[in-house]
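The exercises below are meant to be worked through with the sequence and the coordinates at hand. Each one sets a task and is followed by a solution in steps.

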Amino acid sequence: MAFTNVLSTLVILLYALGSAGVFWGISASKARVRLMGAMSTWAGLALHTLLAMGVILLTPPEDLSRGHFLQLLAWSILLAYFAGWKVLKSGFISVTASPLALLLFILAFCKSDGAQVEMPGALKELFIILHIGPLYASLGLLALAFGAALLFLHMDRKLKSKAKFTEFDRELPALGVYDRLNHLAVIFGFPLYTLGIAAGFIWAPQVWSGSGGWDPKEIFSLFVWFLYAVTFYLRIVRGWRGRKAALLLIAIFSISLFSLLGVNLFMPTRHGFSAAAVI
Amino acid sequence: MGKGLCLVGLNHRTAGVETRETFALAGSDFLENTLFLPVGAEKRASSPIREVMALSTCNRVEILAAGKGDELAETLLAIWAAARGGKTEDLRPFVYVRQEDEAVRHLFSVASSLDSMILGEPQILGQLKDAYKNALESGSTGTILNRLLHHAFYAAKRVRSETGVAAAAVSVSYAAVELAKRIFGDMSSYQAMLIGAGEMAELSATHLMNAGIKSILVANRTRARAVELAARYGGRDVPFEELVNYLPEVDIVISSTGASEAIIRAEDMAGVMKKRKNRPMFFIDIAVPRDIDPGVNSLDNIYLYDIDDLKEVVEENLAQRREEAVKAADIVEEETRKFRRWLEALEVQPTIVALLQHSERIIREEWARTSRRLELGLKETQALEQMLEAIVKKINHKPIVFLKKLAEDEGGAQYADMVRRLFGLDEERTAELVHGRHKRHETVSKIIRRKTGYGAHAADRKEFMTMRTELTRDKAWELLRAYNQEEFHLRHALILEGVMRWFAVELGYAEDQDFWALAGLLHDVDFERFPQEHCRKAPEILRPAGAGEALIHAVCSHGYGLTAEVRPEHEMEKVLYAVDELTGLIGAAALMRPSKSVQDMEVKSLKKKYKTINFAAGCSREVIENGAAMLGWELEVLMEKTLLAMRACEEAVPESASL
């Protein structure tokens with residue numbers, strides 16, 4: 001455990017260095033400092049990935065705690081974010097990636113223990129692969145597209161109103177980039193989300209012996225799934241783009257975030273492992 | 001005396017277009033026959049112009065010359081006026097004259113496009129390069145202008161890459177293309193449509209082509225014109241009446257027709273957007289009255305900019321460039337300073353000194369290598385060293401006389417530069433640390449060791465302490481004055497004397513404080529006269545004066561790792577080693593303060609200065625940190641103590657004037 005703590009501190013250090021480097025590099029327009037910041041952030045992610053792999057491979061499924069799930073969630077959001085950074089080569093993502101990583105990692109790190117989570121009796125590994133894996137991956141994509149959607153609305157408004165572009169705006173990528181992220185989150189995220197939800201409903205009777213009533217979290221998840229499906233249809237078939245697509249995505253992410261964090265606060269639920277522990 | 005740089009010129013601010021036309025220098029035979037001729041060999045003696053070049057564009061004329069004397073500017077003006085069939089007096093009201101640094105600064109500003117009518121426009125640098133090429137080919141430039149122009153190109157490059165002076169678009173057509181990039185990003189998969197014609201619209205189309213747009217459709221009321229334009233952009237023409245049918249295919253529309261009412265209406269666009277599955281569109285409406293219904297802008301995924309919007313963008317961008325110009329001016333200032341340093345190095349006197357040091361260094365190094373193998377007595381050693389010194393002087397005698405003579409009647413800069421390059425003197429100069437400590441001199445310490453008997457069986461601490469010196473304070477001061485004239489060096493010696501005395505008391509060596517102070521006073525005794533052999537000459541100076549071996553060891557050891565391999569052993573030696581550079585840094589930091597004093601300086605602000613690598617860069621942080629490590633102190637402790645020591649002795653060190 002001590003060893004993982006050392007590694008975790010190192011990850012925090014790398015992310016912090018990365019954030020500082022990137023911001024200093026930009027404000028003082030020093031390309032090399034900025035590059036070093038970026039490199040430090042990537043090194044942090046590599047180590048973070050190692051830690052996450054360690055959790056997945058070394059911890060027996062029945063020992064997984066809330067903290068573990070939180071860590072994995074943070075990691076998958078970051079993974080999506082960093083993939084976006086790499087693919088889009090976007091200045092904006094490179095600026096926000098390291099502080100976001102730092103924040104998420106520290107949040108997860110502070111809650112690294114906690115109650116264990118009820119797991120289904122049989123086929124635990126498969127359950128993780130089919131339920132938690134796809135759900136986290138789609139959440140990662142959603143988070144990325146959520147950020148992009150906010151920026152889209154910002155830039156869209158500026159272009160429409162012919163407002164002055166600030167230094168920050170000039171660093172931002174073109175409008176088309178955000179829409180592409182939105183597209184990715186819909187076209188890959190929706191099937192993943194569907195898979196995760198379906199697996200959940202298949203395994204649920206095993207854990208709680210008979211589906212026995214609806215859990216609020218499950219209701220929310222179904223609602224999100226329905227909204228996601230509508231978005232999928234509108235975006236892929238009807239060709240919705242731009243502002244409306246961005247608004248839809250913001251709605252989906254906000255609701256799923258609420259179902260992830262909020263439901264546990266306000267309603268009784270048997271999905272105890274959620275990130276509510278953080279709050 | 002100045003270095004003889006002069007720039008005369010006029011530009012769009014000082015002269016109207018008519019005057020600029022009258023005094024333009026276009027046509028190269030003017031340059032060669034009139035302006036450059038005085039530089040030719042036969043006229044050299046009579047003209048003050050040594051080097052010259054001229055830049056002439058529609059917005060400015062700049063004539064830049066290096067030469068001698070005060071008549072340089074007048075001569076340039078006279079030649080210029082005469083060449084254009086006018087009188088100097090006609091020219092004078094419109095002309096500015098810049099000398100020395102001012103000329104350099106002006107040239108750098110011009111090259112960086114800070115002086116241009118449109119701030120940051122890129123053409124001027126190309127024009128300056130062409131003008132320089134012409135001058136170079138006609139042979140009218142030399143050492144100074146060649147270096148100056150290359151420096152100007154470098155400054156311009158820095159301004160361009162480090163500031164936003166040339167960043168945002170300042171023409172309507174280019175601003176439109178920048179906006180398109182903001183919407184679409186990479187342009188290679190998008191199509192544009194040009195409706196109507198006109199200079200601005202066509203310019204926008206050209207910029208789009210340059211930005212890599214996939215293709216351009218052209219619609220025009222006159223079909224023939226459409227065909228012609230389409231051919232020019234490698235696109236295709238579409239019938240004007242059906243252009244709305246083609247809108248689903250295109251992403252960017254540039255419209256500039258003379259139509260009296262809108263040719264694209266908002267209600268048309270709903271259908272178009274449906275057909276193109278809401279892929280975004282960008283409309284650029286350059287026409288007045290407008291071609292495109294402003295209501296189009298309120299539809300999702302459509303962005304419409306009209307001519308007024310674009311003009312506003314251009315205004316904002318210009319304002320932004322003006323802000324960036326402040327940053328650029330700093331760069332110009334910095335480069336001007338750098339150039340001045342180079343110019344100053346061209347003075348003959350420093351070159352002579354560098355030349356002498358150069359040959360002395362070589363001979364010393366060889367002598368060190370050889371004498372190590374020979375078992376020579378003191379007498380032989382002295383005789384041989386005298387001989388070597390004589391050789392240095394004799395070999396350099398002729399070149400020095402030659403340089404001095406040139407300096408008087410021809411401006412020896414070219415020759416000084418040549419000598420510098422011939423002997424690689426500047427390479428040596430940059431390799432040196434500020435104290436002239438040379439990393440290459442490690443062999444030297446071995447001689448010291450052999451001669452002084454130190455090193456191999458290093459001094460037993462007790463024995464070391466008993467080796468008192470016979471040198472008195474007065475004799476030491478006399479000795480120091482004999483070898484040092486520079487106030488700066490004398491002050492440094494006095495500061496170290498006081499600081500070392502303070503440390504002696506502080507560290508419990510009160511009874512040895514005179515000895516500590518003496519080491520401080522004399523530690524750089526050989527530096528001014530023999531910067532290349534710093535710490536090596538010291539024993540030869542100190543021993544005859546009656547200095548004990550302990551003192552000599554202490555003095556030599558402060559160059560440990562730099563000029564000597566004599567390791568600081570005694571605590572006193574470690575203190576000396578550690579504070580030598582640090583006092584320099586503190587002294588420099590004190591000068592930055594309003595009080596010019598260390599009395600009110602805090603360790604915190606000193607640390608800040610210490611961390612600023614460029615501040616007093618000559619004071620080696622490495623040495624200071626090594627010193628602190630030797631003493632086993634934290635850096636902060638060393639700083640605090642040294643600061644206290646300097647405060648204590650500040651009063652005692654006289655102002656420079658009284659030295």
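A residue is called buried if 20 or more other C-beta atoms lie within 10 Å of its own, and exposed if 12 or fewer do, with the C-beta atoms placed from the backbone. The model is a predicted one, and the exercises should be read with that in mind.

**Exercise 1. Backbone outliers in chain B**

Task: Locate B:N278 and state what is notable about its phi, then decide whether B:N278 is buried or exposed.

Solution. Begin with the position: B:N278 sits in the loop between α12 (266-275) and β9 of chain B. Next, take the backbone angle, where phi is near 65°, a positive value in a residue other than glycine. Finally, apply the cut-off: B:N278 has 22 C-beta neighbours inside 10 Å, and therefore it counts as buried.

Task: Carry out the steps again for B:N301, and find the residues joined by a cis peptide bond.

Solution. B:N301 belongs to the loop between β9 and β10 of chain B, and its phi is positive, at about 65°, although B:N301 is not a glycine. Because 22 C-beta neighbours fall inside 10 Å, B:N301 counts as buried. The cis peptide bond joins B:V288 and B:P289, with omega at about -5°, and B:P289 is placed in the loop between β9 (281-285) and β10 of chain B.

**Exercise 2. The setting of strand β1 in chain B**

Task: Establish how many residues of strand β1 of chain B are buried, and which strands are joined to β1(B) by bridges.

Solution. First, count the burial: seven of the seven residues of β1(B), residues 5-11, are buried, so the strand is largely enclosed by the rest of the structure. Second, separate the two faces, bearing in mind that in a regular strand the side chains alternate between the two faces of the sheet. Here B:L5, B:L7, B:G9 and B:N11 point one way, whereas B:C6, B:V8 and B:L10 point the other way, and all of them are buried. Third, examine the pairing: seven bridges join β1(B) to the antiparallel strand β3 (residues 60-67) of chain B, where B:V8 stands opposite B:I63. A further partner is strand β4 (residues 96-99) of chain B, which also runs antiparallel to β1(B) and is joined to it by four bridges; in this pair B:C6 stands opposite B:Q99.

Task: Find which residues B:F23 touches, not counting residues up to four places away in sequence.

Solution. B:F23 lies in the loop between α1 (17-22) and α2 (28-35) of chain B, and B:F23 is buried because 21 other C-beta atoms lie within 10 Å. With residues up to four places away left out, B:F23 touches B:L10, B:V61, B:W80, B:R84 and B:L91. For B:V61, which is 38 residues away along the chain, the separation of the C-alpha atoms is 7.9 Å.

**Exercise 3. The two sides of helix α9 in chain A**

Task: Compare the end-to-end reach of α9(A) with the expected value, and determine where its buried residues lie around the axis.

Solution. The helix spans residues 216-237, which amounts to 22 residues, and reaches 31 Å from its first C-alpha to its last, close to the 32 Å expected at 1.5 Å a residue. The buried residues of α9(A) are A:K217, A:E218, A:F220, A:S221, A:V224, A:Y228, A:T231 and A:R235. These cover an arc of only 150° around the axis, so they are on the same side of α9(A). On the other side of the helix, A:F226, A:V230 and A:V237 are exposed. Just after α9(A), A:G239 adopts a positive phi of about 70°.

**Exercise 4. Cores and the contact between the chains**

Task: Identify the residues with the most contacts inside the largest nonpolar core, and describe the side of chain B that touches chain A.

Solution. The largest nonpolar core has 112 residues, and those with the most contacts inside it are A:Y81, A:A145, A:L249, B:A192, B:L194 and B:I254. Helix α5 (residues 124-161) of chain A gives the most to this core, with 17 residues. Apart from this core lies another, of 63 residues, including B:V110, B:L145, B:A166 and B:I331. Turning to the contact between the chains, 18 residues come from chain B and 16 residues from chain A. On the side of chain B that touches chain A, α8(B) gives the most, with four residues, and the residues of this side divide into five nonpolar, four polar and nine charged.

Key. Residues numbered from 1 in each chain as written. Chains lettered and ligands numbered in written order. Predicted model: local features only at pLDDT ≥ 70, side-chain atom pairs only at ≥ 80, totals over all residues. Helix = DSSP H or I, 4+ residues; strand = E, 2+ residues; numbered from the N terminus. Contact = placed C-beta atoms within 7 Å. Pairing = 2+ DSSP bridges. Expected span 1.5 Å × (residues − 1). Arc of directions from axis to C-beta. Core = buried A, V, L, I, M, F, W, Y, C linked by C-beta atoms within 7 Å. Nonpolar A, V, L, I, M, F, W, Y, C, P; charged D, E, K, R; others polar.
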